[in-house]
Amino acid sequence: MRRRVLLKAAVVAAAAATVPLGGRAVASAASPTAAAVAALRADLARLPAGWQSRLAARLKAMGWTSPWSRYVSAATGQAGTCSQPTGIGDYIDSTLKGADGEVVNAIGMAGGFVLPFVDVIEFATDATPRTFGVNGEYTTTLTHAFRDVKRFWDIASDDILFVPMHGADVFGDERRTARSLALLYGVSESEALPIARDLRTLLALEPRLDGGRNPLFSFNAVAVPTYPGSDRPKLIMGDGIMQAMTWLGLGDIAPRSIMAHEFGHHVQFEDGIEFGGDVASGRRAELMADALGTYFLVHARGQALNTKRTLDTARSFYEVGDCYTEEFGHHGTPAQRMAASRWAADVANEARPQGAIQPSRSFVARFDAALPGILAAT
Ligand SMILES: [Zn+2]
(Lines give C-alpha, C1' and ligand atoms only; values in the text may rest on other atoms or scores of the structure.)
Protein backbone atom coordinates (compact mmCIF):
# COMPACT_ATOMS: atom_id res chain seq x y z
CA MET A 1 0.00 0.00 0.00
CA ARG A 2 2.57 2.50 1.10
CA ARG A 3 4.67 1.83 -1.94
CA ARG A 4 1.88 2.84 -4.33
CA VAL A 5 1.18 6.06 -2.48
CA LEU A 6 4.83 7.03 -2.55
CA LEU A 7 5.14 6.50 -6.28
CA LYS A 8 1.94 8.30 -7.10
CA ALA A 9 3.08 11.31 -5.12
CA ALA A 10 6.35 11.33 -7.00
CA VAL A 11 4.60 11.09 -10.36
CA VAL A 12 2.34 14.01 -9.50
CA ALA A 13 5.29 16.08 -8.37
CA ALA A 14 7.19 15.36 -11.56
CA ALA A 15 4.19 16.23 -13.72
CA ALA A 16 3.65 19.48 -11.86
CA ALA A 17 7.25 20.45 -12.36
CA THR A 18 7.30 19.81 -16.08
CA VAL A 19 3.90 20.87 -17.44
CA PRO A 20 3.34 24.61 -17.21
CA LEU A 21 -0.21 25.82 -16.71
CA GLY A 22 -2.18 25.77 -19.93
CA GLY A 23 0.77 24.80 -22.05
CA ARG A 24 2.34 21.72 -23.57
CA ALA A 25 5.15 19.95 -21.76
CA VAL A 26 8.43 21.77 -22.08
CA ALA A 27 10.27 19.19 -20.11
CA SER A 28 13.82 20.09 -21.00
CA ALA A 29 13.54 23.54 -19.54
CA ALA A 30 11.95 22.33 -16.33
CA SER A 31 13.91 19.29 -15.29
CA PRO A 32 16.70 17.14 -16.69
CA THR A 33 15.00 13.94 -15.48
CA ALA A 34 11.71 14.83 -17.19
CA ALA A 35 13.63 15.55 -20.39
CA ALA A 36 15.41 12.21 -20.11
CA VAL A 37 12.11 10.40 -19.55
CA ALA A 38 10.64 12.14 -22.60
CA ALA A 39 13.67 11.14 -24.67
CA LEU A 40 13.31 7.52 -23.57
CA ARG A 41 9.62 7.47 -24.47
CA ALA A 42 10.34 9.03 -27.86
CA ASP A 43 13.07 6.50 -28.64
CA LEU A 44 10.86 3.60 -27.53
CA ALA A 45 8.17 4.88 -29.89
CA ARG A 46 10.67 4.63 -32.76
CA LEU A 47 11.40 0.93 -32.18
CA PRO A 48 10.09 -1.61 -34.70
CA ALA A 49 6.46 -2.37 -33.83
CA GLY A 50 5.65 -5.22 -31.49
CA TRP A 51 8.65 -4.84 -29.20
CA GLN A 52 6.48 -4.97 -26.06
CA SER A 53 4.99 -8.34 -26.94
CA ARG A 54 8.41 -9.68 -27.96
CA LEU A 55 9.75 -8.47 -24.60
CA ALA A 56 6.96 -10.23 -22.71
CA ALA A 57 7.46 -13.46 -24.65
CA ARG A 58 11.21 -13.34 -24.11
CA LEU A 59 10.86 -12.91 -20.35
CA LYS A 60 8.37 -15.74 -20.19
CA ALA A 61 10.74 -18.04 -22.08
CA MET A 62 13.57 -17.07 -19.74
CA GLY A 63 11.54 -17.95 -16.65
CA TRP A 64 11.83 -14.51 -15.09
CA THR A 65 8.47 -14.51 -13.31
CA SER A 66 8.62 -15.40 -9.64
CA PRO A 67 7.13 -14.10 -6.40
CA TRP A 68 10.14 -11.77 -6.22
CA SER A 69 9.74 -10.45 -9.75
CA ARG A 70 6.09 -9.66 -9.09
CA TYR A 71 7.13 -7.21 -6.41
CA VAL A 72 9.45 -5.49 -8.88
CA SER A 73 6.71 -5.29 -11.51
CA ALA A 74 4.29 -3.79 -9.00
CA ALA A 75 6.82 -1.29 -7.63
CA THR A 76 7.83 -0.09 -11.09
CA GLY A 77 4.34 0.40 -12.48
CA GLN A 78 4.41 -2.60 -14.80
CA ALA A 79 1.76 -4.93 -13.43
CA GLY A 80 -0.38 -5.55 -10.39
CA THR A 81 0.02 -4.37 -6.87
CA CYS A 82 0.36 -6.11 -3.57
CA SER A 83 -2.22 -4.73 -1.20
CA GLN A 84 -1.04 -6.82 1.75
CA PRO A 85 1.59 -5.33 3.99
CA THR A 86 4.64 -7.59 3.74
CA GLY A 87 8.25 -7.32 4.84
CA ILE A 88 9.44 -7.44 1.25
CA GLY A 89 7.06 -4.63 0.31
CA ASP A 90 8.41 -2.50 3.17
CA TYR A 91 11.94 -3.18 2.03
CA ILE A 92 11.17 -2.15 -1.55
CA ASP A 93 9.49 1.01 -0.26
CA SER A 94 12.66 1.84 1.63
CA THR A 95 14.87 1.43 -1.43
CA LEU A 96 12.69 3.74 -3.53
CA LYS A 97 12.02 6.37 -0.89
CA GLY A 98 12.19 9.78 -2.52
CA ALA A 99 12.77 8.38 -5.99
CA ASP A 100 11.05 10.06 -8.93
CA GLY A 101 8.20 7.66 -9.74
CA GLU A 102 8.05 8.77 -13.35
CA VAL A 103 11.69 7.80 -13.83
CA VAL A 104 11.19 4.46 -12.10
CA ASN A 105 8.13 3.62 -14.19
CA ALA A 106 9.75 4.71 -17.46
CA ILE A 107 12.75 2.49 -16.79
CA GLY A 108 10.38 -0.33 -15.89
CA MET A 109 8.42 0.15 -19.11
CA ALA A 110 11.64 -0.12 -21.13
CA GLY A 111 12.54 -3.39 -19.37
CA GLY A 112 15.41 -1.78 -17.46
CA PHE A 113 14.82 -3.74 -14.27
CA VAL A 114 15.09 -7.11 -16.00
CA LEU A 115 18.14 -6.17 -18.06
CA PRO A 116 20.74 -7.45 -15.55
CA PHE A 117 18.99 -10.83 -15.70
CA VAL A 118 19.05 -10.88 -19.51
CA ASP A 119 22.76 -10.03 -19.42
CA VAL A 120 23.51 -12.90 -17.04
CA ILE A 121 21.29 -15.52 -18.62
CA GLU A 122 22.56 -14.82 -22.13
CA PHE A 123 26.16 -13.82 -21.62
CA ALA A 124 27.53 -15.23 -18.35
CA THR A 125 30.40 -17.67 -18.85
CA ASP A 126 32.94 -19.49 -16.74
CA ALA A 127 34.96 -16.28 -16.85
CA THR A 128 32.21 -14.28 -15.08
CA PRO A 129 33.55 -13.28 -11.64
CA ARG A 130 31.93 -15.27 -8.82
CA THR A 131 31.39 -12.60 -6.21
CA PHE A 132 28.02 -12.93 -4.51
CA GLY A 133 26.37 -10.01 -2.76
CA VAL A 134 26.74 -6.35 -3.59
CA ASN A 135 30.06 -6.22 -1.70
CA GLY A 136 30.97 -9.87 -2.14
CA GLU A 137 29.69 -10.59 1.37
CA TYR A 138 28.05 -13.90 0.41
CA THR A 139 30.82 -15.24 -1.80
CA THR A 140 32.34 -17.70 0.66
CA THR A 141 29.08 -18.99 2.11
CA LEU A 142 27.39 -19.48 -1.22
CA THR A 143 30.39 -20.91 -3.03
CA HIS A 144 30.83 -23.54 -0.32
CA ALA A 145 27.12 -24.32 -0.11
CA PHE A 146 26.91 -24.72 -3.89
CA ARG A 147 29.87 -27.10 -3.89
CA ASP A 148 28.13 -29.07 -1.11
CA VAL A 149 24.72 -29.22 -2.75
CA LYS A 150 26.24 -30.52 -5.98
CA ARG A 151 27.80 -33.40 -4.05
CA PHE A 152 24.62 -33.94 -2.04
CA TRP A 153 22.08 -34.63 -4.78
CA ASP A 154 22.52 -37.55 -7.19
CA ILE A 155 22.02 -35.58 -10.39
CA ALA A 156 24.47 -34.55 -13.08
CA SER A 157 25.31 -31.01 -11.98
CA ASP A 158 28.88 -30.31 -13.08
CA ASP A 159 27.66 -28.24 -16.01
CA ILE A 160 25.47 -25.89 -13.94
CA LEU A 161 26.85 -22.36 -14.16
CA PHE A 162 26.48 -20.72 -10.74
CA VAL A 163 26.60 -16.98 -11.26
CA PRO A 164 25.77 -13.74 -9.48
CA MET A 165 23.49 -11.04 -10.83
CA HIS A 166 24.81 -7.56 -10.02
CA GLY A 167 22.41 -4.81 -11.05
CA ALA A 168 25.00 -2.33 -12.31
CA ASP A 169 27.10 -4.60 -14.54
CA VAL A 170 24.88 -4.43 -17.62
CA PHE A 171 24.88 -0.63 -17.44
CA GLY A 172 28.67 -0.44 -17.33
CA ASP A 173 28.96 0.59 -20.97
CA GLU A 174 26.36 1.40 -23.62
CA ARG A 175 27.32 -1.47 -25.92
CA ARG A 176 26.72 -3.99 -23.19
CA THR A 177 23.38 -2.38 -22.32
CA ALA A 178 22.35 -2.35 -25.98
CA ARG A 179 23.33 -6.00 -26.48
CA SER A 180 20.81 -7.19 -23.89
CA LEU A 181 18.16 -4.66 -24.90
CA ALA A 182 18.39 -5.91 -28.48
CA LEU A 183 17.63 -9.44 -27.31
CA LEU A 184 14.81 -8.29 -25.10
CA TYR A 185 13.13 -6.21 -27.82
CA GLY A 186 13.94 -8.51 -30.73
CA VAL A 187 15.73 -5.70 -32.61
CA SER A 188 19.28 -5.03 -33.76
CA GLU A 189 21.89 -3.64 -31.39
CA SER A 190 22.06 -0.41 -33.35
CA GLU A 191 18.29 -0.01 -33.02
CA ALA A 192 18.60 -0.59 -29.27
CA LEU A 193 21.52 1.80 -28.78
CA PRO A 194 19.49 5.02 -28.28
CA ILE A 195 17.48 3.32 -25.53
CA ALA A 196 20.68 2.12 -23.90
CA ARG A 197 21.91 5.72 -23.81
CA ASP A 198 18.58 6.96 -22.43
CA LEU A 199 18.62 4.38 -19.65
CA ARG A 200 22.17 5.23 -18.67
CA THR A 201 21.28 8.91 -18.57
CA LEU A 202 18.28 8.26 -16.33
CA LEU A 203 20.32 6.07 -14.00
CA ALA A 204 22.85 8.84 -13.65
CA LEU A 205 20.11 11.35 -12.81
CA GLU A 206 18.21 9.38 -10.14
CA PRO A 207 20.43 8.81 -7.09
CA ARG A 208 18.11 6.20 -5.55
CA LEU A 209 18.77 3.89 -8.50
CA ASP A 210 22.50 4.13 -7.91
CA GLY A 211 23.59 3.26 -11.44
CA GLY A 212 21.71 -0.06 -11.24
CA ARG A 213 22.95 -1.01 -7.78
CA ASN A 214 19.46 -0.39 -6.38
CA PRO A 215 18.24 -3.86 -5.27
CA LEU A 216 15.27 -3.80 -7.64
CA PHE A 217 17.63 -4.40 -10.57
CA SER A 218 18.71 -7.77 -9.18
CA PHE A 219 15.69 -8.84 -7.18
CA ASN A 220 15.46 -12.49 -8.12
CA ALA A 221 17.08 -15.90 -7.90
CA VAL A 222 16.46 -18.21 -10.81
CA ALA A 223 17.18 -21.77 -11.88
CA VAL A 224 17.47 -21.89 -15.65
CA PRO A 225 17.42 -25.18 -17.54
CA THR A 226 19.21 -25.74 -20.80
CA TYR A 227 16.99 -24.40 -23.56
CA PRO A 228 17.36 -23.90 -27.31
CA GLY A 229 20.08 -21.33 -27.83
CA SER A 230 21.68 -21.84 -24.42
CA ASP A 231 24.32 -24.48 -23.96
CA ARG A 232 24.11 -25.05 -20.23
CA PRO A 233 21.89 -24.76 -17.17
CA LYS A 234 22.38 -21.85 -14.77
CA LEU A 235 21.68 -20.92 -11.19
CA ILE A 236 21.52 -17.16 -10.82
CA MET A 237 21.61 -15.35 -7.48
CA GLY A 238 20.68 -11.67 -7.51
CA ASP A 239 22.27 -9.24 -5.07
CA GLY A 240 18.97 -7.47 -4.45
CA ILE A 241 17.09 -10.38 -2.98
CA MET A 242 19.98 -11.12 -0.64
CA GLN A 243 20.14 -7.47 0.45
CA ALA A 244 16.45 -7.75 1.29
CA MET A 245 17.09 -10.84 3.40
CA THR A 246 19.86 -9.06 5.28
CA TRP A 247 17.59 -6.04 5.84
CA LEU A 248 14.92 -8.40 7.23
CA GLY A 249 17.41 -10.02 9.62
CA LEU A 250 17.49 -13.31 7.69
CA GLY A 251 20.91 -12.90 6.11
CA ASP A 252 22.46 -15.82 7.97
CA ILE A 253 20.48 -18.71 6.46
CA ALA A 254 18.13 -17.27 3.81
CA PRO A 255 20.70 -16.83 0.99
CA ARG A 256 21.72 -20.49 1.29
CA SER A 257 18.08 -21.45 1.58
CA ILE A 258 17.25 -19.58 -1.64
CA MET A 259 20.19 -21.22 -3.42
CA ALA A 260 19.14 -24.68 -2.15
CA HIS A 261 15.54 -24.09 -3.33
CA GLU A 262 16.79 -23.09 -6.80
CA PHE A 263 19.05 -26.13 -6.89
CA GLY A 264 15.92 -28.14 -6.09
CA HIS A 265 14.55 -26.94 -9.43
CA HIS A 266 17.69 -28.30 -11.10
CA VAL A 267 16.99 -31.66 -9.45
CA GLN A 268 13.53 -31.46 -10.99
CA PHE A 269 14.93 -30.60 -14.42
CA GLU A 270 17.39 -33.50 -14.29
CA ASP A 271 14.89 -36.02 -12.94
CA GLY A 272 12.34 -35.00 -15.56
CA ILE A 273 9.69 -33.88 -13.06
CA GLU A 274 6.77 -32.58 -15.08
CA PHE A 275 5.71 -28.98 -14.67
CA GLY A 276 2.16 -28.52 -15.86
CA GLY A 277 0.91 -25.11 -16.86
CA ASP A 278 -1.65 -24.80 -14.10
CA VAL A 279 -1.58 -23.35 -10.59
CA ALA A 280 -1.67 -26.73 -8.85
CA SER A 281 1.33 -28.23 -10.63
CA GLY A 282 3.28 -25.00 -10.27
CA ARG A 283 2.60 -25.05 -6.54
CA ARG A 284 3.65 -28.71 -6.31
CA ALA A 285 6.96 -27.88 -8.02
CA GLU A 286 7.60 -24.94 -5.69
CA LEU A 287 6.70 -26.77 -2.49
CA MET A 288 8.86 -29.66 -3.64
CA ALA A 289 11.76 -27.25 -4.20
CA ASP A 290 11.25 -25.97 -0.64
CA ALA A 291 11.41 -29.57 0.60
CA LEU A 292 14.50 -30.41 -1.47
CA GLY A 293 16.16 -27.26 -0.15
CA THR A 294 15.33 -27.81 3.51
CA TYR A 295 16.38 -31.46 3.35
CA PHE A 296 19.83 -30.33 2.19
CA LEU A 297 20.08 -27.54 4.79
CA VAL A 298 19.23 -29.78 7.76
CA HIS A 299 20.75 -33.11 6.71
CA ALA A 300 23.95 -34.10 8.51
CA ARG A 301 25.71 -34.53 5.18
CA GLY A 302 24.21 -31.34 3.71
CA GLN A 303 24.64 -28.10 5.65
CA ALA A 304 23.87 -29.79 9.01
CA LEU A 305 22.07 -26.65 10.19
CA ASN A 306 20.11 -26.66 13.42
CA THR A 307 16.56 -27.75 12.61
CA LYS A 308 14.79 -25.19 14.79
CA ARG A 309 16.88 -22.31 13.51
CA THR A 310 16.37 -23.40 9.92
CA LEU A 311 12.61 -23.71 10.31
CA ASP A 312 12.36 -20.42 12.24
CA THR A 313 14.16 -18.69 9.36
CA ALA A 314 11.95 -20.50 6.85
CA ARG A 315 8.83 -19.29 8.64
CA SER A 316 9.97 -15.66 8.57
CA PHE A 317 11.15 -16.03 5.00
CA TYR A 318 7.80 -17.43 3.82
CA GLU A 319 5.82 -14.82 5.72
CA VAL A 320 7.67 -11.75 4.42
CA GLY A 321 6.80 -12.30 0.80
CA ASP A 322 3.32 -13.74 0.60
CA CYS A 323 1.31 -12.08 -2.13
CA TYR A 324 -0.44 -13.03 -5.37
CA THR A 325 -1.67 -16.32 -3.93
CA GLU A 326 -3.85 -17.34 -6.86
CA GLU A 327 -1.48 -16.74 -9.73
CA PHE A 328 0.57 -19.31 -11.59
CA GLY A 329 4.04 -19.59 -10.12
CA HIS A 330 2.86 -18.95 -6.61
CA HIS A 331 4.97 -20.85 -4.13
CA GLY A 332 2.13 -21.92 -1.84
CA THR A 333 0.84 -20.21 1.29
CA PRO A 334 3.27 -19.65 4.16
CA ALA A 335 1.55 -22.53 6.05
CA GLN A 336 1.98 -24.90 3.11
CA ARG A 337 5.60 -23.90 2.61
CA MET A 338 6.25 -24.41 6.33
CA ALA A 339 4.62 -27.84 6.16
CA ALA A 340 6.82 -28.82 3.21
CA SER A 341 9.95 -27.66 5.03
CA ARG A 342 8.97 -29.32 8.30
CA TRP A 343 8.25 -32.57 6.49
CA ALA A 344 11.67 -32.43 4.78
CA ALA A 345 13.46 -31.69 8.07
CA ASP A 346 11.78 -34.75 9.61
CA VAL A 347 12.95 -36.92 6.71
CA ALA A 348 16.49 -35.57 7.14
CA ASN A 349 16.48 -36.15 10.89
CA GLU A 350 15.22 -39.73 10.64
CA ALA A 351 18.39 -40.48 8.69
CA ARG A 352 20.71 -38.93 11.26
CA PRO A 353 22.33 -42.04 12.82
CA GLN A 354 23.51 -43.50 9.52
CA GLY A 355 23.64 -40.29 7.52
CA ALA A 356 22.21 -41.79 4.35
CA ILE A 357 20.99 -39.39 1.67
CA GLN A 358 17.77 -40.28 -0.10
CA PRO A 359 18.14 -40.71 -3.86
CA SER A 360 16.39 -37.70 -5.37
CA ARG A 361 13.73 -39.78 -7.14
CA SER A 362 12.80 -41.62 -3.92
CA PHE A 363 12.70 -38.30 -2.07
CA VAL A 364 10.35 -36.90 -4.70
CA ALA A 365 8.10 -39.97 -4.54
CA ARG A 366 7.86 -39.63 -0.77
CA PHE A 367 7.17 -35.92 -1.15
CA ASP A 368 4.31 -36.61 -3.56
CA ALA A 369 2.83 -39.08 -1.08
CA ALA A 370 3.02 -36.41 1.63
CA LEU A 371 1.72 -33.59 -0.60
CA PRO A 372 -1.99 -33.86 0.27
CA GLY A 373 -1.12 -33.36 3.95
CA ILE A 374 1.18 -30.44 3.09
CA LEU A 375 -1.53 -28.75 1.03
CA ALA A 376 -4.01 -29.16 3.87
CA ALA A 377 -1.80 -27.15 6.24
CA THR A 378 -3.34 -23.90 7.44
ZN1 LIG B 1 11.06 -21.84 -7.08
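A residue counts as buried when its relative accessible area is under 20%, as exposed when that area is over 50%, and as partly exposed in between. Aspartate 43, with a relative accessible area of 16%, is therefore buried. The model to which these values belong is a predicted one.

Aspartate 43 has a charged partner: its side chain meets that of arginine 46 in a salt bridge, with 2.4 Å from N to O. Arginine 46 has a relative accessible area of 61%, which makes it exposed. This salt bridge thus joins a buried aspartate to an exposed arginine.

The salt bridge between arginine 232 and aspartate 126 spans 3.0 Å from N to O. Arginine 232 sits in the loop between β2 (221-224) and β3 (234-238), and aspartate 126 in the loop between α8 and α9 (139-152), so the pair ties together parts that are 106 residues apart in sequence. Here the arginine is the buried partner, at 17% relative accessibility, while aspartate 126 is exposed at 53%.

Aspartate 210 and arginine 213 form another salt bridge, at 3.5 Å from N to O. Aspartate 210 is partly exposed at 38%, and arginine 213 is partly exposed at 43%. Over the whole structure, a search finds 17 salt bridges.

Salt bridges also form a network, which links Asp119, Arg176 and Arg179. Two of these residues lead to the second largest pocket: Asp119 and Arg176 are among the residues nearest its centre, together with Val120, Thr128 and Asp169. The pocket holds about 200 Å³ of space and is lined by 15 residues. By class, eight of the lining residues are nonpolar, three are polar and four are charged. Helix α8 (115-123), strand β1 (161-165) and helix α10 (174-185) each supply at least two of them, and α8 gives the most, with four residues.

The zinc ion is the next stop. Its protein donors are His261 and His265, each through NE2, and Glu286 through OE, at 2.0 to 2.2 Å from the ion. Along the chain the donors follow the spacing H-x3-H-x20-E. Histidine 265 belongs to helix α13 (residues 254-271) and glutamate 286 to helix α14 (residues 279-298), so this pair ties together parts that are 21 residues apart in sequence. Both fall below the 20% cut-off for buried residues: histidine 265 is buried at 8% relative accessibility, and glutamate 286 is buried at 13%.

Notes. Residues are numbered from 1 along each chain as its sequence is written. This is a predicted model: local features need pLDDT of at least 70, side-chain atom pairs count only at pLDDT 80 or more; totals for chains, interfaces and linings use all residues. Side-chain values use heavy atoms; hydrogens and water are left out. Donors are N, O and S atoms within 2.8 Å of the metal (3.2 Å for Na, K and Ca); water is not among the atoms, so sites may look incomplete. Helices (H or I, at least four residues) and strands (E, at least two) are DSSP runs, numbered from the N terminus. Buried means under 20% relative accessible area, exposed over 50%, partly exposed in between (1.4 Å probe, protein chains only). On a 1 Å grid over the protein atoms alone, a cavity is a set of points where a 1.4 Å probe fits but cannot get out, and a pocket is an open set with protein on both sides within 12 Å along at least five of seven lines; lining residues have an atom within 4 Å of a point. Grid points are joined across faces, edges and corners, and a volume is the space filled by probe spheres set on the points. Ala, Val, Leu, Ile, Met, Phe, Trp, Tyr, Cys and Pro count as nonpolar, Asp, Glu, Lys and Arg as charged, and the others, Gly among them, as polar. A salt bridge is a side-chain nitrogen of Lys or Arg within 4 Å of a carboxyl oxygen of Asp or Glu.
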